[in-house]
Every structure is written in structure tokens, then in C-alpha cells.
Amino acid sequence: MTVRKAAAKTKPVTVHIDTVSPKWKRAFYAMQSRITCAAAAAFEGAKKPAAFARRRFEISITLTDDAEVKALNRDFRRIDKPTNVLSFPQIDLETFKKSSLDVFPKNMDIPLGDVVLGYQTILRETREQKKTLENHTVHLVVHGVLHLLGYDHIRPKDAKIMEKLECDILR
């Protein structure tokens, strides 16, 4: 297992990467750096509550396999199949109040949540969609972080907003 902490202390977000599945070990060149940059870009590019500007956050990204993603998807979403990315936000932005952050000490990074990526599903999608593993993974990291920040794509209006934001961040 490889755990990496990235981002300078002056950045508003720290990204922790946990490489659980050995399939991810050498998935693409500068993988951990690209994933860290994608997560930070999504955090910095998203529209967040104003109170976020005064605090530091952390995001955990787990690179695993379809078996673990399937179990998480079944246990938390009641969907018994693997998927490409799952997001587990720690802050409910629908009920968010500025004081919600006060439970965390001022010098502590606030856990924003976890993004989990399933290798086999992502690899299959890259082949089906004729994408590179790097580009598809980076896109899914951005997608997952936006979910942590309260974005969703269930309703067409929300999907349009989220997709535009993803494109802007990836650009």
C-alpha cells in the first residue's frame, strides 16, 4: 500500500492518495502527481461556500479494484455492481452553515471526503470510449471531487452545470 500526501501548506486543499490495488502502481506516467493536480484543480475551480476560503481541507483518494468498489457500492448505495468512481462527502452542503466548520480546530485540515476509483471498470471504459487511462482517470477524479462539493447530475439541469464545470476545470 502506498500513501502519498501532496500539496504545499499554502494550498487550500491537501490530497492523500492511497494505492490499494497493485494494478494502479504504474497505470500511467506521473499518476500520483496528475491525480493530485486534478483533485486540487476541482476543489479550487468549484463554487464553494464563502466560509471555505478561510479554512484548509483534505481529500482522500483511494485507488482500488472493482471488488472493493462493488462492495462499497452495494453497502452504501444498494447497487450490487462495480462502478468507476464513488464519492463519500464528509460535509453535507445542503444543510451547511458557516458554524459547521467550527467543530474542527482552526489549525486542522477539514476532511472534505473520500473518492474511490475502481481500476477494472475504468480500464474497460477507456477501451470502449477510446480514451487514455490517464485522461479518463483525471476526469473521474475531477468528477468525484465535485460530488464531494455537492454537485450532482441526477436532474438534467444539474448535470449540465456539473458537466460545464468539469470541462472548465479540465481545460
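The surface that the protein chain exposes in this predicted model comes to about 9,800 Å², and carbon and sulfur atoms supply 54% of that area. On the inner side of the balance, 45% of the 171 residues of the protein chain count as buried. The charges can be summarised in a similar way, for the mean position of the 30 positive charges and that of the 21 negative charges are 4 Å apart.

As for overall dimensions, the C-alpha trace spans about 45 × 35 × 35 Å along its principal axes. A compact globule of 171 residues would have a radius of gyration near 16 Å, and because the protein chain has 16 Å, the value agrees with that expectation.

The chain is built from 5 helices and 5 strands, which follow one another along the sequence in the pattern β-β-α-β-α-β-β-α-α-α. If one takes the contacts between residues at least 6 apart in sequence, 69% of them join residues at least 24 apart.

Helix H2, which runs over residues 66-77, shows how one element is placed among the others: its buried residues are Asp 66, Val 69, Leu 72 and Asn 73. These residues cover an arc of only 125 degrees around the axis, and they therefore lie on the same side of H2. An α-helix has 3.6 residues a turn, so residues three or four places apart point the same way. The cover over the buried residues of H2 includes strand S3 (57-64), strand S4 (85-89) and strand S5 (110-118), together with helix H3 (119-129).

Further along the chain, helix H4 (residues 133-148) contains Thr 137. With a relative accessible area of 0%, Thr 137 is buried, because a residue counts as such when this area is under 20%. Leaving aside residues up to four places away in sequence, Thr 137 touches Trp 24, Phe 28, Ile 35, Leu 117 and Ile 122.

Two places in the loops deserve a look at the backbone. Most residues other than glycine have a negative phi. Ala 30, however, has a positive phi of about 55 degrees although it is not a glycine, and its place is in the loop between strand S2 (13-19) and helix H1 (31-45). Lys 130, again not a glycine, likewise has a positive phi of about 55 degrees and is found in the loop between H3 and H4. As to their surroundings, Ala 30 is partly exposed, with a relative accessible area of 34%, whereas Lys 130 is exposed, with a relative accessible area of 75%.

Methods:
Residues numbered from 1 in each chain as written. Predicted model: local features only at pLDDT ≥ 70, side-chain atom pairs only at ≥ 80, totals over all residues. Heavy atoms only, no water. Helix = DSSP H or I, 4+ residues; strand = E, 2+ residues; numbered from the N terminus. Rg over C-alpha atoms; globule rule 2.2 N^0.38 Å. Buried < 20%, exposed > 50% of the residue type's maximum accessible area, 1.4 Å probe, protein only. Contact = heavy atoms within 4.5 Å. Areas by Shrake-Rupley, 256 points an atom, 1.4 Å probe, with all protein chains shown as cover. Lys, Arg positive; Asp, Glu negative; His and termini not counted. Charge placed at Lys NZ, Arg CZ, Asp CG, Glu CD. Arc of directions from axis to C-beta.
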